[in-house]
Amino acid sequence: MNRRKFLKNSAVAAGTAAAATITDFPYFFVKRYAHAAEGDTIKVGILHSLSGTIAIIERSLHNAELLAIDEINAAGGVMGKMIEPVIEDPQSLVQVFAEKAKKLILEDKVVAVLGCYTSASRQSVLPVFEQHNNVLLYPTLYEAQECSKNCFYTGCVPNQQLDDFVPWLIENVGPKFYMIGSNYIYPKETNREVKALLKAHGGEDVGEEYAPLGHTEFSTNINKIASKRPDVVFSDLVGDSVVAFYKQFRQFGITADDIIIGTPITTEQETAAMGPENALGHLTSFNYFQSVDTPENKKFVESYKAKFGKNEVTNAVMEAAYFQTHMLAQALEKAGSTEADALIYEGLPGQEYMAPGGKVKIDEKNHHTWLWPKIGRANETGQFDIVWQRDDWVRPDPWVDLLYPNKDCDFTNPSVLERLKSDSKDRSGTFELS
């Protein structure tokens, strides 16, 4: 029996079911059909901060996911049902992310969650998803060094962002780097990776410091930076801190002609908030910019502005939030089920989508996403002119080679699959393969 045909042809299935006993069908199909038939909608959680210091960027992810859900529903939904978004605001508070994730899974009975931004928030919710065997789709760039069977990562990892960016900066701007970041795991681990790349490519680390999340007073930091005279300030500040730092940098009379800010974080969202004059000339590495010239991106930008306002901008993390929502819908159709294991083992691995920035794919082995690295320079409109890009997509490597040689994740390994599927006491799925 063809599962997909069985599930889609509901009239035939219903008629056949009326004339036969349950034992006439393979249990595998009956279980899935019954599960998919529960309720009038398919509930999907949306877990992004709509308030607090990270809302400046997370709201755009939330909006992009709602846009994608509108498009999916307008095209007929999934398995003949509409997707119903269940929205929670974790308020930029790490502990609230975990509370809200548990509510979405246990009370709202969502089939999956589109959510989180910072690595701290992701790490706070992963135990919840692993314990209760649900699915998280995570759209943000991150420091890697992680694999979870319950998480599908659609943002950049270091080999898609830093491996080209740091050597490019050394060659085209200069070798001396001063690192400043927000005080949590992503900036610290990212800067550890940057330092390894500096060492490998002849760069020099001339300073490193961290500010609390939400910090907005950088005069002391900028004085230190000026005294060190670096070629590049490598910034992994996040949220409101990005806007404050760039503004104060320029207020001190320092422009991109003097010292370049190079960052894997700052998007069109932050340049719009700070004012284009404060970002002018500074550099960002991402897989997507609003300026990408593809038919898919033109449609995406027009649709986003039509829904949320003509002055709104698009950015890399919200592009990932958008395409991961479409990938989830495709995965549900492919699996023919709303069960977590059907999505984890059948629906999501290998899933492809023609995204605004180019064709993307979830890697079957490691649950991360093939993307297209680019470097952009902020212009006078707050957009980014693409100054360098790879001519092909890049396979994600969740373990940084310079720091963790010969490590990888492989969820297609038969012994790993057997352990994950058979051991109901250990649903974690988070492990390293050497």
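The expected span of a helix is 1.5 Å times one less than its number of residues. In this predicted model, helix H5 (residues 94–106) fits that picture well: its 13 residues reach 19 Å from the first C-alpha to the last, close to the 18 Å expected. Six residues of H5 are worth picking out here, namely Val-96, Phe-97, Ala-98, Ala-101, Leu-104 and Ile-105, which are its buried residues. Their cover includes strands S1, S2 and S3 together with helices H4 and H6 (119–132). A general point helps when looking at such a helix: with 3.6 residues a turn, residues three or four places apart point the same way.

Stepping back to the whole protein, there are 16 helices and 15 strands. The protein has 434 residues, and 58% of them are buried. Of the contacts between residues at least 6 apart in sequence, 69% join residues at least 24 apart. The accessible surface comes to about 17,100 Å², with carbon and sulfur atoms accounting for 49% of it.

Strand S1 (residues 41–47), part of the cover over H5, is itself mostly covered, with five of its seven residues buried. S1 runs parallel to strand S2 (residues 82–88), and seven bridges join the two. In this pairing, Ile-42 has Ile-83 of S2 as its bridge partner. To get from S1 to S2, the chain passes through helix H4 (residues 55–74), making a right-handed β-α-β crossover. S1 also pairs with strand S3 (residues 113–115), again in parallel, this time through three bridges. Here Ile-46 of S1 is set opposite Leu-114 in S3.

Between H5 and S3 comes a loop, and Ala-112 is located there. With a relative accessibility of 0%, Ala-112 counts as buried. Setting aside neighbours within four places in sequence, Ala-112 is in contact with Lys-43, Val-44 and Gly-45, as well as with Asn-134, Val-135, Leu-137 and Leu-328. There is also a long jump along the chain to note: Glu-339 is 227 residues away from Ala-112 in sequence, yet 9.3 Å separates their C-alpha atoms.

Another part of the fold is an open sheet of three strands, in the order S11-S12-S13, with antiparallel pairing. Strand S11 (352–355) and strand S13 (369–370) are at the edges and have a single partner strand each, so one side of each lacks a neighbour in the sheet. In general, strands of a sheet pair through backbone hydrogen bonds, either parallel or antiparallel. Strand S12 (residues 358–362) is joined to S13 by two bridges, and Ile-362 is found opposite Thr-369 of S13. Lying across S11, S12 and S13 is helix H14 (residues 316–335), which runs at about 140° to S11.

Finally, strand S8 (residues 232–236) includes Ser-235. This serine has 2% relative accessibility and therefore counts as buried, the cut-off being under 20%. Apart from residues up to four places away in sequence, Ser-235 touches Ile-180 and a run of four others: Ile-261, Gly-262, Thr-263 and Pro-264.

Note on methods: Residues are numbered from 1 along each chain as its sequence is written. This is a predicted model: local features need pLDDT of at least 70, side-chain atom pairs count only at pLDDT 80 or more; totals for chains, interfaces and linings use all residues. Side-chain values use heavy atoms; hydrogens and water are left out. Helices (H or I, at least four residues) and strands (E, at least two) are DSSP runs, numbered from the N terminus. Buried means under 20% relative accessible area, exposed over 50%, partly exposed in between (1.4 Å probe, protein chains only). Contact means heavy atoms within 4.5 Å. Accessible areas come from the Shrake-Rupley method with a 1.4 Å probe; for residues, only the protein chains shown count as cover. Two strands pair if DSSP finds at least two bridges between them. A crossover is right-handed if, with the strands pointing away from the viewer, the path from the first strand over the helix to the second runs clockwise. Axes are lines fitted to C-alpha atoms, for helices over the stretch in contact, and angles run from 0 to 180 degrees between N-to-C directions.
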